[in-house]
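I opened a fresh page for this chain. My notes below go from the whole to the parts.

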Amino acid sequence: MARVTAGWALVGKRPGSSDDYGVLNFSREPYDRASYGKILHRYALGTPPAHTAGEGALPWVAVSWVGEQPDRYLGISVETWSEHRDGAGRQVAFTKYVCVPYRQVQAEPVSYTALFREVQRLDLPMDGGPTGGVELVLPQYDPVAPARDIERFGTERVMRAAAMLLDGNVDVVQAGDATLWDRLAFLDAVAALLPYGYRAGFTGATWATGPAPNIRLLFTRRARGGNRELSWHGPDEPVRLSPTATDYLRHLHKLLNHRFPDLAGLVSYLASDGTPCEFSDPGHALRSLADVEWPSEVAAAVRAGRANLHDVRRLVRGQRIHELHPADRPRVFDHLVRAADPDDLELIERRWDDLAPPGGPGDPLAALVEAAAVLLWREQPDGRISRYLEVARRRRFAGEFLAELVRWGADPDLQGPEYRAARTMVADLIRDAVDPFRPEEIFSPLVVNVVEDRGVAAALLIGETAGERRVAAWVAWLENVRGDLMDPFRTVLDGRQVTVETIGGMAQTERTMVAALVWVAARLERLRCVLPALVDWLGRHGEPSRAACEFAAATLNRAEPPDPWAQGASDAVLLMLGSSARFLADTVGHADFRGYEDGFLEAWRHRPTPGMEQQLVVGLAHALRMRPWAGAGTAGADNVLNLARHLVGSVDRDWDPLATVLATEPPDELLAYRPAYRPLRALLVPDEAAHPAAQGGAPSAFGGAEHAAPRGHGAVQFTPPPSAGDPMAEHGPAPGPAIAPLYGQGNGTAPPSTEGAFGRIRADSGMDDVAAAYLASVLVGGSAPDALRHLADLGRPLTTREILELARRVEYEVGGRYDAAQAASRVEQLVRAVLDGAPGPAAAAEFRDALADALSAQISRRALLLETAALGDEAWQPPEPVRVRLDEAKDRIDHVAKRGRGKRLPGLGRGKRRSGDG
């Protein structure tokens with residue numbers, strides 16, 4: 001049986017109406033109302049007689065076609081009298097029309113009689129609007145039935161009618177006494193003696209009263225003008241056939257006499273050629289008959305290993321395969337299966353019982369496995385192998401199919417990492433087909449083969465995402481064969497620590513399972529049960545080998561831990577191995593970053609070798625150079641600083657890589673104001689406070705840095721006054737009165753903005769009140785000379801060290817609030833005020849020397865960096881703007897360096913170098 005979906009239309013008049021005949025209702029597909037009307041008009045048979053019995057009485061049946069290839073449809077209409085009458089009292093005839101896609105009946109031929117029976121049973125709705133198509137259940141084409149009718153109507157007459165159709169229209173006359181069923185059977189008989197593909201262009205009718213020019217074979221009372229005539233009774237009038245029709249008739253006789261023992265064989269042969277064709281190509285019929293030995297030729301080609309797959313497919317699809325010897329049929333079928341084209345599976349499954357019966361020759365299971373294996377075991381496996389498993393399921397041998405599919409992978413040539421995707425795919429198939437909670441006996445060969453292929457076993461466990469309970473079920477399933485292999489997984493499931501000895505033992509022969517253990521532990525949020533042992537194994541015998549590092553890094557890079565602790569620990573180990581941090585950038589701004597930090601630091605505490613320790617520092621510096629905190633706001637900045645501070649404070653070592661990222665000059669604007677910045681900077685640059693030019697301020701053109709707590713390396717916290725007491729108690733009044741004159745406030749109070757700046761600077765910098773007051777004044781627009789002179793008048797002149805500190809803070813604070821140009825202007829104002837004697841004549845000379853020392857040290861460091869950058873590429877040349885700036889700087893430096901050497905030097909202006917400068 002074949003089920004096909006057909007379009008339909010119902011033509012007639014509504015009861016009691018005076019309308020003309022038309023389409024009353026129809027299906028939405030494949031045509032609309034107007035198109036259905038045109039189709040039925042094209043194949044109109046004329047006006048039926050009023051009588052309900054005798055010659056020409058209804059029902060009339062017409063078979064037809066519509067549409068162009070590949071969207072060709074076979075149509076059938078049935079016109080009958082209804083019980084309704086129109087407005088004039090005349091009886092109304094209804095016509096039911098159905099059209100079937102030819103492609104649905106090409107592989108499974110259908111007779112016109114079978115189509116008529118299906119249409120007869122349909123009760124098409126007159127009302128209700130367009131609906132969906134109708135489903136027809138069509139019996140399998142049986143060549144015996146039309147062969148029997150050919151003999152009943154006269155073999156010679158039917159053969160001649162088929163040959164005549166190759167030349168044009170044929171009218172059957174003198175058949176008024178023939179029943180509807182006889183006429184319909186005759187249409188089937190004549191069509192059966194033509195290749196089946198001609199039905200894509202065949203038209204016929206059981207009766208017509210009109211000209212019906214588009215009907216090729218019909219029954220009528222009188223022959224239409226110019227048509228060939230065929231008598232239902234008595235001898236036929238001699239009709240001259242074309243050479244093609246003559247040759248076709250001769251070939252039919254020859255085949256029936258010498259090739260086929262009976263008509264059923266000939267009909268079956270013709271039915272196998274479903275290639276759609278038109279009657280405008282009569283030569284196709286001759287070619288089809290000449291192709292009678294084709295099945296044997298295909299079978300011979302299969303035996304010789306040179307068969308054309310198109311021919312094999314066509315032979316399996318049709319009925320001609322039964323012309324082969326019984327031993328050749330399964331061989332041809334086996335060839336189609338092993339061709340490994342998933343699009344053939346529908347055909348394969350449909351012909352399975354017919355061509356590969358149980359106990360018959362051949363092994364269809366082996367062929368199906370081989371086809372699936374061809375698609376699976378390659379670098380880029382074809383996901384359509386799941387369709388092969390579905391066939392195996394329906395045939396009830398899914399377990400054997402999967403077991404053999406896994407066994408294919410045992411080939412030594414298929415053990416490389418490039419086949420990892422194939423093992424993952426077959427593991428996915430196993431998870432879909434096997435219930436680990438109820439491992440039945442049918443799957444016992446499968447579990448053995450899975451355990452033997454560690455890659456499949458690992459992928460089976462890794463890919464399970466349904467939770468711990470199902471992972472435990474798979475572990476139990478695999479324990480049936482290798483309990484020792486599953487012991488570490490059982491340890492993780494129990495929440496216990498895996499030992500370094502276990503990891504070491506597995507790593508010698510079962511590295512795939514080590515990776516699976518890490519991945520499973522990560523997914524179940526139990527990475528802490530495995531990671532310490534993995535790290536200890538890496539450093540057990542000194543610095544780990546490159547292969548061990550690459551394996552561990554690849555393992556952790558594929559693991560997907562959901563918990564922050566495991567993500568932090570994974571990142572730390574990856575950095576130790578010279579890989580990149582995976583989760584830092586995504587978690588740095590999260591509220592649960594503390595868990596990430598805990599995992600990171602715990603893994604750091606397990607660092608096994610100095611080399612891995614150094615790798616982590618360098619790798620972390622590289623990760624931070626991408627500024628992962630930039631998009632995470634203050635929370636991200638705090639998290640990065642705290643992580644680095646806890647890391648640096650845990651051991652005394654060289655942290656220069658981190659210092660180049662987190663202790664830059666000038667500092668990162670998002671980090672510099674965070675509470676943890678100064679303590680971290682003190683840890684990263686411990687000797688910075690030992691130099692007067694590098695005290696306390698944020699990194700600047702003066703080479704300084706933020707204050708930091710001492711770390712035991714000689715760093716001192718800057719305390720401006722020379723005595724240990726309160727500077728204001730010894731040198732001047734309390735902070736309040738001292739601040740007000742700096743701003744010219746007569747009421748003794750500073751503006752709110754000044755108070756805010758003073759309070760923040762005093763709290764952050766460690767300056768005394770007077771120095772903080774000066775800095776607050778210049779930030780809000782106060783005059784540098786006035787402020788310095790007023791401090792001197794109060795008996796509190798600033799020392800050289802304090803002035804350098806102020807210069808550094810002014811540059812940092814103003815640059816952060818406004819821009820670099822404003823900062824430079826403010827610093828220049830301060831320097832000029834000092835050199836002009838604002839804090840006192842003695843201070844100017846000392847300050848000039850200290851300033852020159854600080855700036856020359858900074859210039860030297862920057863020049864060294866510039867030289868390092870230039871050495872990176874011998875072909876590199878400075879761009880023109882860079883070269884101009886370097887020339888300007890060189891001139892100024894030369895100008896300063898030559899002072900006091902007996903040469904008279906002209907002054908240097910700003911901007912580009914002028915002729916005569918330097």
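These entries record what I looked up, place by place.

**Entry 1. The whole chain**

I noted at the outset that this is a predicted model. I then looked up the overall make-up. The chain holds 41 helices and 10 strands. It has 918 residues, and 51% of them count as buried. I also checked how far apart in sequence the contacting residues are. Among contacts with a separation of 6 or more, 68% are between residues 24 or more positions apart.

**Entry 2. Strand β7 and its partners**

I turned to β7, which covers residues 170-173. Which way do its residues point? V170 and V172 point one way, while D171 and V173 point the other way. I noted the general pattern beside this: side chains in a regular strand alternate between the two faces of the sheet. In β7, all of these residues are buried.

Next I looked for the strands that pair with β7. One is β9, residues 217-219, which pairs with β7 in the parallel sense over three bridges. Another is β10, residues 228-231, which runs parallel to β7 and is joined to it by four bridges. I followed D171 to both sides. Its bridge partner in β9 is L218. Its bridge partner in β10 is E229.

**Entry 3. T206**

I stayed with β9 and looked at the loop that leads there from β8 (204-205), where T206 is found. Is T206 buried or exposed? T206 has a relative accessible area of 0%, so it is buried. I then asked what T206 touches, leaving aside neighbours within four places in sequence. The contacts are P59, W60, V61, L180, R183, L184, L187 and F219.

**Entry 4. Helices α12 and α14**

I moved on to a helix pair. The axes of α12 and α14 (residues 364-376) come within 8 Å and cross at roughly 25°. An angle under 35 degrees counts as roughly parallel, so α12 and α14 are roughly parallel to each other. The crossing of α12 past α14 is right-handed. From α12, the residues D334, V337 and R338 take part in the contact. They meet A366, A367, L368, E370 and A371 of α14. I sorted the residues of this contact by type: five are nonpolar, none polar and three charged.

**Entry 5. A340, on the way to α13**

I followed the chain out of α12 (328-338) into the loop before α13, and stopped at A340. A340 is not a glycine, yet its phi is positive, about 60°. Its relative accessibility is 11%, which means A340 counts as buried.

**Entry 6. Helices α13 and α15**

I looked up a second helix pair. Helix α13 spans residues 345-355 and α15 spans residues 385-394. Their axes lie 11 Å apart, at an angle of about 15°. The two helices are therefore roughly parallel to each other. Here too I checked the handedness: α13 passes α15 in a right-handed crossing. Which residues meet? L345, E349 and W352 in α13 meet R387, Y388, V391 and R394 in α15. By type, the residues of this contact come to four nonpolar, no polar and three charged.

**Entry 7. R396, just after α15**

I went on into the loop between α15 and α16 (398-408), where R396 sits. R396 is a residue other than glycine with a positive phi, near 65°. I asked whether R396 is buried or exposed. Its relative accessibility is 73%, so R396 counts as exposed.

**Entry 8. Two cis peptide bonds**

I looked up cis peptide bonds and noted two places. One bond joins Q69 and P70, with omega about 5°. P70 lies in the loop between β3 (60-66) and β4 (73-85). Another cis bond joins E665 and P666, with omega about -5°. P666 lies in the loop between α31 (656-662) and α32 (677-684).

**Entry 9. Helix α22**

I checked which residues of α22 (residues 500-509) are buried. V500, I503, G504, M506 and A507 are. What covers them? The cover includes α21 (483-493), α23 (511-523) and α24 (531-538).

**Entry 10. S856**

My last stop was S856, in helix α40 (residues 841-871). With a relative accessible area of 40%, S856 is partly exposed. I compared its place with that of I893. The two are 37 residues apart in sequence, and their C-alpha atoms are 9.3 Å apart in space.

Key. Residues numbered from 1 in each chain as written. Predicted model: local features only at pLDDT ≥ 70, side-chain atom pairs only at ≥ 80, totals over all residues. Heavy atoms only, no water. Axes fitted to C-alpha atoms, helices over the stretch in contact; angles between N-to-C directions. Parallel < 35°, antiparallel > 145°, perpendicular 65-115°, else oblique. Left-handed = near helix turned anticlockwise from the far one by under 90°. Contact = heavy atoms within 4.5 Å. Nonpolar A, V, L, I, M, F, W, Y, C, P; charged D, E, K, R; others polar. Buried < 20%, exposed > 50% of the residue type's maximum accessible area, 1.4 Å probe, protein only. Pairing = 2+ DSSP bridges.
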